[in-house]
Amino acid sequence: MLWIILEQTRLPRATMPEPRWRTRKSFSRSTLRGQKGFSETDLKFEMVPQDALRRTLFPLGGLTKDFVKKIAAENRLQHVLQKKESMGICFVGKRNFENFILQYLQPRPGRFISIEDNRVLGTHKGWFLYTLGQRAKISGLRERWYVVEKDGAKGDVFVAPHTDHPALYRDLLRTSRVHWITEEPPAALVRDKMMECHFRFRHQMALVPCVLTLNQDGTVWVTAVKAVRALAPGQFAVFYKGDECLGSGKILRLGPSAYVLQKGKSKSRVAIEGPSDGPGSGPGSGPTL
């Protein structure tokens with residue numbers, strides 16, 4: 001990695017900022033968010049074990065990528081500047097994503113189904129080609145539909161109209177056993193079984209205020225103060241307290257969407273009020289004399 005290469009060249013110490021980490025009395029270490037509120041390494045370091053982290057130096061932790069490249073240029077590290085950056089699958093370039101994936105996975109045809117009325121709107125080549133929250137381009141339809149749920153067993157992809165449809169929003173999730181960076185788990189969470197903090201699950205998204213509830217098996221329930229768009233199982237929820245990155249857990253389960261909750265409330269009102277069209281209607285609804 002670039003900061004390791006620069007460290008190995010033994011550049012003048014004046015070019016190296018103070019590392020952004022905290023040393024505690026227990027000689028454990030925690031990572032801090034970048035000066036601009038986010039570090040690209042946050043979503044990686046939260047999985048580093050404490051034994052490794054306490055022996056690791058981050059001499060370039062306070063610098064931007066452009067400034068680090070400038071240092072490399074000044075020290076004639078052309079092989080560093082010319083090296084292509086490693087990218088995840090989200091950055092496969094201008095090629096067609098579906099065609100790219102289907103070079104490695106066999107198609108598994110399925111249906112696009114409306115979350116509102118269970119209408120079949122079209123077909124697709126595989127539910128694994130879609131991410132919750134993304135637009136689903138359905139052949140023959142001009143309207144914009146968005147992926148809200150997936151059924152891997154049946155191959156169905158459920159979609160909803162509009163990018164802000166309530167089926168896209170949830171405020172509850174459960175993680176796998178959390179990997180805590182400094183404490184296992186934080187003392188406040190152990191004492192109170194609940195703890196206020198923030199979390200994110202996507203690169204560069206704003207931090208979301210939440211409440212963690214600790215389970216006996218080390219997993220946590222995460223309750224967001226406000227419903228969040230496009231939560232998805234398999235992503236990692238990364239937790240923060242102030243500027244400190246506490247750790248992370250893999251999202252295993254999701255709570256009901258805002259749309260499901262709204263439907264539940266509507267059914268409850270109907271059950272309470274009865275099936276009548278209005279007050280005083282229907283046989284036997286009049287006053288008893």
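**Figure 1. A look at the cysteines, starting with Cys 245, which is buried.** In this predicted model, the relative accessible area of Cys 245 is 0%. Cys 197 also counts as buried, at 4% relative accessibility. Do any sulfurs come within bonding range, and where is the closest partner for Cys 197? The nearest cysteine sulfur to that of Cys 197 belongs to Cys 210, at 3.7 Å, which is too far for a bond. The count of disulfides in the structure comes to zero. As a reminder for this view, a disulfide is a covalent bond between the sulfur atoms of two cysteines.

**Figure 2. An open sheet is built from five strands.** Across the sheet, the strands follow the order E4-E3-E7-E6-E5, and their pairing is mixed. Strand E4 (120-124) and strand E5 (135-136) take the edge positions, each with a single partner strand, so one side of each has no neighbour in the sheet. E5 is joined to strand E6 (residues 145-151) by two bridges, and these two strands run antiparallel. To find this pairing, look for Ala 136, which stands opposite Trp 145 in E6. For a wider setting, the protein has eight helices and 14 strands.

**Figure 3. Strand E7 (residues 156-161) is largely enclosed by the rest of the structure.** How many of the six residues of E7 are buried? Six of the six are, which is why the strand is described as largely enclosed. In a regular strand the side chains alternate between the two faces of the sheet. Here both faces of E7 are covered. Asp 156, Phe 158 and Ala 160 are buried on one side, while Val 157, Val 159 and Pro 161 are buried on the other.

**Figure 4. E7 pairs with E3 in the parallel sense and runs antiparallel to E6.** Three bridges link E3 and E7, whereas six bridges join E6 to E7. Val 157 is a handy landmark in this view: Phe 112 stands opposite Val 157, and Lys 150 stands opposite Val 157 as well. E6 and E7 form a hairpin, with four residues between the two strands. In the turn, look for Gly 155, which has a positive phi of about 85°.

**Figure 5. Aromatic rings meet in five pairs in the structure.** A pair of aromatic rings is described by the distance of the centres and the angle of the planes. For Phe 112 and Tyr 130, the ring centres are 5.4 Å apart and the planes lie at 80°, so this pair is edge-to-face. Phe 112 sits in strand E3 (residues 110-114) and Tyr 130 in the loop between E4 and E5, so to speak a link between distant parts of the chain, 18 residues apart. Are these two residues buried or exposed? Both Phe 112 and Tyr 130 are buried. Trp 127 and Phe 128 make another edge-to-face pair, with 6.1 Å from centre to centre and 70° between the planes. Trp 127 is partly exposed, at a relative accessible area of 24%, and Phe 128 is partly exposed too, at 21%.

**Figure 6. Helix H4 (residues 65-74) has buried residues that line one face of the helix.** Which residues of H4 are buried? They are Val 68, Ile 71 and Ala 72. Viewed down the axis of H4, the buried residues fall within an arc of 100°, which is why they line one face. Asp 66 and Glu 74 are exposed on the other side of H4. Just after the helix comes Arg 76, with a positive phi of about 60°.

**Figure 7. Arg 191 is an exposed residue in helix H7 (residues 187-192).** The relative accessible area of Arg 191 is 59%. Its side chain is joined to that of Asp 192 by a polar contact of 3.2 Å. To place this close-up in the whole protein, note that buried residues make up 36% of the 289 residues. Among contacts between residues at least 6 apart in sequence, 56% join residues at least 24 apart.

Conventions
Residues are numbered from 1 along each chain as its sequence is written. Side-chain values use heavy atoms; hydrogens and water are left out. Buried means under 20% relative accessible area, exposed over 50%, partly exposed in between (1.4 Å probe, protein chains only). A polar contact is a pair of N or O atoms within 3.5 Å; within protein, one must be able to donate a hydrogen and the other to accept it, and residues adjacent in sequence count only if both atoms are side-chain atoms. Two strands pair if DSSP finds at least two bridges between them. Rings of Phe, Tyr and Trp (its six-membered ring) pair if their centres lie within 6.5 Å; planes under 30 degrees apart count as stacked, over 60 as edge-to-face and the rest as tilted. The arc is that of the directions from the helix axis to the C-beta atoms. A disulfide is a pair of cysteine sulfur atoms within 2.5 Å. Contact means heavy atoms within 4.5 Å.
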